[in-house]
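Q: I should like to learn how the features of a protein model are read, one at a time. Where should we begin?

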Amino acid sequence: MSRTYAVVAVAAVVSATVLVGGFGLRISRTTSDFYVASRTVRPRLNAAAISGEYLSAASFLGIAGLVLVHGPDMLWYPVGYTAGYLVLLVFVAAPLRRSGAYTLPDFAEGRLESRQVRRLVSVLVVGAGWLYLVPQLQGAGLTLKILTGAPGWLGDVLVASVVVLAVAAGGMRSITFVQVFQYWLKLTALLVPALFLVLAWQGDGRPRVTFDEQMSVFRADHPLYATYGLIVATFLGTMGLPHVVVRFYTSPNGRDARRTTVAVLALIGVFYLLPPVYGALGRLYAPELIRGGDADAAVLLLPGRVIGGLGGDLLGALIAGGAFAAFLSTASGLTMAVAGVITQDVLPSRGVRHFRLATVLAISVPLAGSLLVSRVPVADSVGMAFAVSASSFCPLLVLGIWWRRLTPPGAVAGLLLGGGSALLSVAITVSGAVRPPGWPHALLAWPAVWTVPVGFLAMILVSLATQNRIPDGTNAAMTRFHLPEALSSGRHR
């Protein structure tokens, strides 16, 4: 691939991101604009923004890399990522919007009337956000290194810098427009080259793609358990991802939140048809990536391998631009969510100036982590963040919205035992303290199978044992969650 074309494409995406973010700055006037875009984002716009931030490095590069290495079994990733929104639509979307909160800690305190629960949720939100940010930054470093030969750290620093500019400039109002633009760019960047790659494959006589020799290193032991761990984490983790949840607070009402979720299902469903195409073609045209440990680069390298010449360079540049859009959009959403929590629960003031300071803090820790921690396959590291979310926020949201008998001690027990166990398992896995093969590694690398039930059971059992601690405002909160806004407001007049 021509380095010149790649550099131009990346520079164009970075410049467009800053310019679109600047447009958001011009219309951001209030604190509510910064946190939730004054709750005025309509379903189609919000759906594109959610899809833009949700389709991360794992979606753009990681799924193709996993299909290349491990074969069709990895199609559970796009299935799980998409189906997670169906669970969110049924159980969470509208009640969460009606809660009137700005962040997950706001929801937890409003529902359970407990500062202790709020502080614990804040810690987990920041931890999950940082865990999810690290692979975005590492993916950017890998991409820039492959495309231009630049040092790996440069991509990490570049994405972090642009995110700070976009988020700190205009907050939620700004990144909404940025993420809408980036969703359509990412879809175009995968769709157009995929069409040419399939045509080239047909021109070669449609050689058969085989997955007989699977180099299954990460899942060599207990693959069935790993698959169930992936399914549980992705199906249930979506509803608690901090950058996804915060976008539902921007909807005008609960009905629009449901409509937004339906539109998201359609948008990400279309997108996820594409990465497996690159993974399958990578088996034919870039098989050396299986053993080389650079499977995540298959999407970037295929146009040059299959098509070549000027056409390959141009298509490769388009993919490079889309890849950077993936890193920027997801990193922006995560930084926005983490910065909101830091502003409200860590810094002494909640003004716009402190929000901008929180933005720098929100990106600095994962930037340091991305430079110091060894690289795990992008989709796998994101799957770990889903496991933490599924084990902590899923029980809190589902039980908090649908079960009147949830108590603050029950919530604390579930968050500590479920979310804490998942976070500890992920930390041990990333550190390399427990290595495959063997059950200890499998249980720690794919913890959702046991940490999600632990989270639910702990919340339920401890709540049943502390029924004298049910918050006084539970009935009012449940009414607000489940009645349409017009009826709920009428009851309180």
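Q: In which helix is Ala-442 found, and is Ala-442 buried or exposed?
A: Helices are DSSP runs of H or I with at least four residues, and strands are runs of E with at least two, numbered from the N terminus. Ala-442 is found in helix H20, residues 439–445. A residue is buried under 20% relative accessible area, exposed over 50% and partly exposed in between, with a 1.4 Å probe and protein chains only. Ala-442 is buried because its relative accessible area is 3%. The C-alpha atoms of Ala-442 and Thr-429 are separated by 9.3 Å, and these two are 13 residues apart along the chain.

Q: On what basis should such values be taken?
A: This is a predicted model, in which local features need pLDDT of at least 70 and side-chain atom pairs count only at pLDDT 80 or more, whereas totals for chains, interfaces and linings use all residues. Residues are numbered from 1 along each chain as its sequence is written, and side-chain values use heavy atoms, with hydrogens and water left out.

Q: How many salt bridges are there?
A: A salt bridge is a side-chain nitrogen of Lys or Arg within 4 Å of a carboxyl oxygen of Asp or Glu. By this rule there are six salt bridges. One of them joins the side chains of Asp-106 and Arg-118, at 2.7 Å from N to O. This pair links distant parts of the chain, with Asp-106 in helix H7 (residues 104–112) and Arg-118 in helix H8 (residues 115–148), 12 residues apart. Asp-106 is buried, at a relative accessible area of 14%, and Arg-118 is buried as well, at 1%.

Q: Which residues are linked with Asp-106 in a network of salt bridges?
A: The network links Asp-106, Glu-109, Arg-115 and Arg-118. Within it, Glu-109 forms a salt bridge with Arg-115, their closest N and O atoms being 3.4 Å apart. Glu-109 counts as partly exposed because its relative accessibility is 23%, and Arg-115 is partly exposed at 40%.

Q: Why are Arg-259 and Asp-256 separated by about one helical turn?
A: The separation follows because they are three residues apart in helix H12, residues 254–271. Their side chains meet in a salt bridge of 3.4 Å, N to O. Arg-259 is partly exposed, with a relative accessible area of 43%, whereas Asp-256 counts as buried at 3%.

Q: How is a polar contact read, and with which side chain does Asp-156 make one?
A: A polar contact is a pair of N or O atoms within 3.5 Å; within protein, one must be able to donate a hydrogen and the other to accept it, and residues adjacent in sequence count only if both atoms are side-chain atoms. The side chain of Asp-156 makes such a contact with the side chain of Ser-370, at 2.9 Å. Asp-156 lies in helix H9 and is buried, at 0% relative accessibility.

Q: How many residues has the largest nonpolar core?
A: A nonpolar core is a set of buried Ala, Val, Leu, Ile, Met, Phe, Trp, Tyr and Cys residues joined through side-chain atoms within 4.5 Å. The largest has 139 residues, and those with the most contacts inside it include Tyr-54, Phe-60 and Tyr-278. Helix H16 (residues 309–345) gives the most to this core, with 16 residues. Apart from it lies another core of seven residues, among them Leu-68, Val-69, Ala-286 and Ala-295.
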